[in-house]
Each structure stands twice: as structure tokens, then as C-alpha cells.
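Thanks for making the time this morning. I would like to walk through a few pieces of one structure with you, and I will ask you to keep the view open while I talk.

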Amino acid sequence: MLQQTQVSRVVVAFERFLERFPTVETLAGAPEAEVLALWSGLGYYRRARLLHGAAKYVVEEHAGRMPRRVEELRALPGVGVYTAAAVASLAFHEPVAMVDGNVTRVMLRLEGRHGRASDPKQVAWAKERADGLVQLAGRRPGPTLAAEALMELGATVCTPRSPRCEVCPMAGACVARAKGLTEVIPEPKRVGATPVVWAVSVVMEDAEGCVAIETRPATGMWASMVQAPTVEWSGEAREAAEVAREMIGLASSVALRERERFTHQTTHRRFEFTVVEVKRAGERVKRSVERTRPGVTWARRDAIGAMALSAVQSRVLLGA
């Protein structure tokens with residue numbers, strides 16, 4: 001949960017999640033929709049699916065006991081080099097380094113090696129070198145403390161800009177400092193233009209107070225999450241009402257009200273949302289929408305709040 005999500009947002013969700021899934025067995029046996037619902041608001045829902053898959057793997061392949069070695073941990077869905085090393089080091093004291101961007105930067109500067117800290121080749125090189133340092137630590141101060149110390153060094157002392165070399169315990173061995181290269185090692189990350197995705201969500205309420213919802217595809221962004229009928233596209237912006245009528249099956253006689261526009265930024269894309277509303281959708285409108293988008297169903301708002309909603313769709317459907 002803490003990967004790419006602020007601590008303040010995680011605390012409540014973490015406690016709620018553990019209350020419902022206190023053991024790996026309860027998590028493994030839960031339906032995916034319930035897992036996603038309890039992840040609502042945290043974003044990056046692929047993490048929840050992989051966590052669910054990892055729980056199933058631990059139950060099926062390890063009788064519910066968490067594997068302890070890096071090689072075994074890497075077999076779990078969603079567990080990469082960094083996560084496997086973190087669990088093995090912090091939980092089971094295996095002498096391995098946790099190499100993130102901070103540690104890669106430390107190793108590049110120590111040896112005066114040019115390259116980008118995000119380059120997979122440089123990360124792999126830094127992992128090998130950092131593992132060697134951690135293993136040298138032996139019992140004093142110990143591999144876990146040594147691994148944590150490298151991360152702390154990169155986070156608080158060997159910072160990307162204006163590193164605090166005067167208080168660095170490794171300053172005497174740092175090639176970049178000796179050669180005056182701390183501001184150019186590592187090389188800055190290349191930043192490209194962020195792709196824009198345009199989206200129109202239509203909030204439709206029928207005479208009984210039920211709202212139209214649909215489930216997103218099983219792959220891709222916000223996979224298998226619940227949403228208002230939504231159309232997304234890249235390229236040029238279009239008029240929201242036109243898109244709603246064309247792609248969601250609304251006749252020109254149906255009154256549309258634009259409720260709001262907002263931007264949602266993800267790691268790799270910028271979504272420009274427009275939300276339009278249809279009040280008191282009659283049977284004719286409902287049939288038309290259901291023909292155009294066969295997956296549409298109707299649910300009461302108080303029931304929607306317990307479904308698997310992304311933060312975007314919580315705003316769209318519930319105003320949250």
C-alpha cells in the first residue's frame with residue numbers, strides 16, 4: 001500500500017484491510033471484487049490484484065507460510081527484485097541490499113560511474129555492488145542494518161542535488177566527491193511529454209434513484225473496477241455532449257448537464273475528465289443505453305459506495 005501512496009492515506013485503509021483479511025488464508029479465499037473494494041481510494045489497483053494472487057500462491061505452494069529466501073519470494077506475483085530483497089532483509093535478515101533510486105545514486109557516486117539511476121543496467125550493477133557491501137558487514141553491524149543504512153544515506157545525505165558530503169561517513173571513499181562530480185552523477189532523468197487521455201463520464205439516474213454503472217475490462221487502467229458509463233480516447237479534445245450521445249447511446253432529445261471538469265494525473269498519463277449528468281432517465285433512455293453498452297446495470301448510490309471504485313469514479317459517482 002505504501003508504494004506510491006502517502007502514509008496518511010494508507011493508515012485507515014491498512015487497518016480496514018487487515019480487519020477483513022487477518023490471515024493470508026482469508027485474503028486468498030476472498031473474491032477479487034471484495035479485495036478491490038477495500039483497496040478503493042489507494043490507486044494503482046494492479047497492486048491489489050497481485051497481492052491477492054501472491055496470497056493464493058503462498059497458500060497453495062507454501063501451505064500458508066511466507067517464503068523467506070529471495071529466490072522463493074521472487075516467485076510470488078508482483079514481487080520484484082526490490083520487494084523480495086526488502087522482505088528477505090527486513091523480515092528474515094538475509095544479507096541482501098534493497099536497491100532503489102537512492103541506493104543506486106550512492107553506488108554510482110562512490111565509484112564515480114556515469115549513468116542514470118533509472119537505467120536498468122545501472123540498477124543491476126548497483127545491486128551487485130551494494131550486495132557486496134551488505135555481505136561485508138557480517139554480524140557487525142549486521143546485514144539488515146547495513147542495508148537500511150545505505151537507503152538512509154541516499155535519502156538524507158547523498159541527495160540528488162546539493163548532497164551533504166561534509167557529514168557523509170563514506171566521503172573519504174567517494175570518487176565523485178574527489179573529482180567534483182557529485183552534481184553530474186548520476187545523469188538527470190530524461191523527461192518526455194505526458195500523453196493526454198480525454199474522458200467523458202455520464203452519471204445517469206432513473207426515476208427510482210438508481211444510477212447506471214458498468215465494469216471496466218479485466219486488463220488495463222483501473223481493470224475490473226466499477227465506473228459510470230465512460231468513454232476515453234487520445235488525440236484531439238471533443239465536445240462532451242457529442243461524445244456522450246454518440247458512444248453511450250443518448251438521443252439528441254435527452255437533456256444533458258455538464259457537472260464538472262477535472263484533471264487526474266497518473267504516473268504515465270494525464271486524464272482530462274468531463275462529467276455530464278442525465279436526471280430522471282426514463283425506460284426509453286435506459287433501453288437505448290443498455291443496447292449501446294450491454295454491460296450497463298443500475299444500482300442504488302448507497303450500494304455503489306461499497307463497490308470497487310477508483311478515486312476518480314468515487315468523485316464521479318459519489319462526489320467524494
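**A hairpin, a helix crossing and a buried loop residue**

Let me begin with the strands, where β5 and β6 form a hairpin that has four residues between them. Please bear in mind throughout that this is a predicted model.

Within that hairpin, strand β5, residues 257–265, pairs with β6 in the antiparallel sense over eight bridges, and H264 is the residue that stands opposite F271 in β6. Strand β6 also pairs with strand β1, residues 196–206, although here the sense is parallel and the pairing runs over ten bridges; as one example from this pairing, A199 has F273 as its bridge partner in β6. How much of β6 itself is buried? Strand β6, which covers residues 270–281, is mostly covered, with nine of its twelve residues buried.

Turning to the helices, I would like to look at α7, residues 101–110, and α8, residues 120–137, whose axes come within 9 Å and cross at roughly 80 degrees. That angle makes α7 roughly perpendicular to α8. On the α7 side the contact is made by V103, T104, M107 and L108, while α8 contributes Q122, V123, W125, A126, R129, A130 and L133. If you sort the residues of this contact by character, eight are nonpolar, two are polar and one is charged.

Both of these helices appear again when we come to α9, since the buried residues of α9 pack against α7 and α8, as well as against α6, residues 81–92. The buried residues in question are P143, T144, A146, A147, L150, M151, L153 and G154. For those who like a geometric check, the 14 residues of α9, numbered 143–156, should span 20 Å at 1.5 Å a residue, and the end C-alpha atoms are indeed 20 Å apart, so the expected and modelled values agree.

Finally, I would point you to E94, which lies in the loop between α6 and α7. Why does E94 count as buried? The relative accessibility of E94 is 9%, and because the cut-off for buried is under 20%, E94 falls into that class. Leaving aside residues up to four places away in sequence, E94 touches R68, R69, V70, A88, S89 and P143, and P143 is also one of the buried residues of α9.

Definitions and conventions: Residues numbered from 1 in each chain as written. Predicted model: local features only at pLDDT ≥ 70, side-chain atom pairs only at ≥ 80, totals over all residues. Heavy atoms only, no water. Axes fitted to C-alpha atoms, helices over the stretch in contact; angles between N-to-C directions. Helix = DSSP H or I, 4+ residues; strand = E, 2+ residues; numbered from the N terminus. Parallel < 35°, antiparallel > 145°, perpendicular 65-115°, else oblique. Contact = heavy atoms within 4.5 Å. Nonpolar A, V, L, I, M, F, W, Y, C, P; charged D, E, K, R; others polar. Buried < 20%, exposed > 50% of the residue type's maximum accessible area, 1.4 Å probe, protein only. Pairing = 2+ DSSP bridges. Expected span 1.5 Å × (residues − 1).
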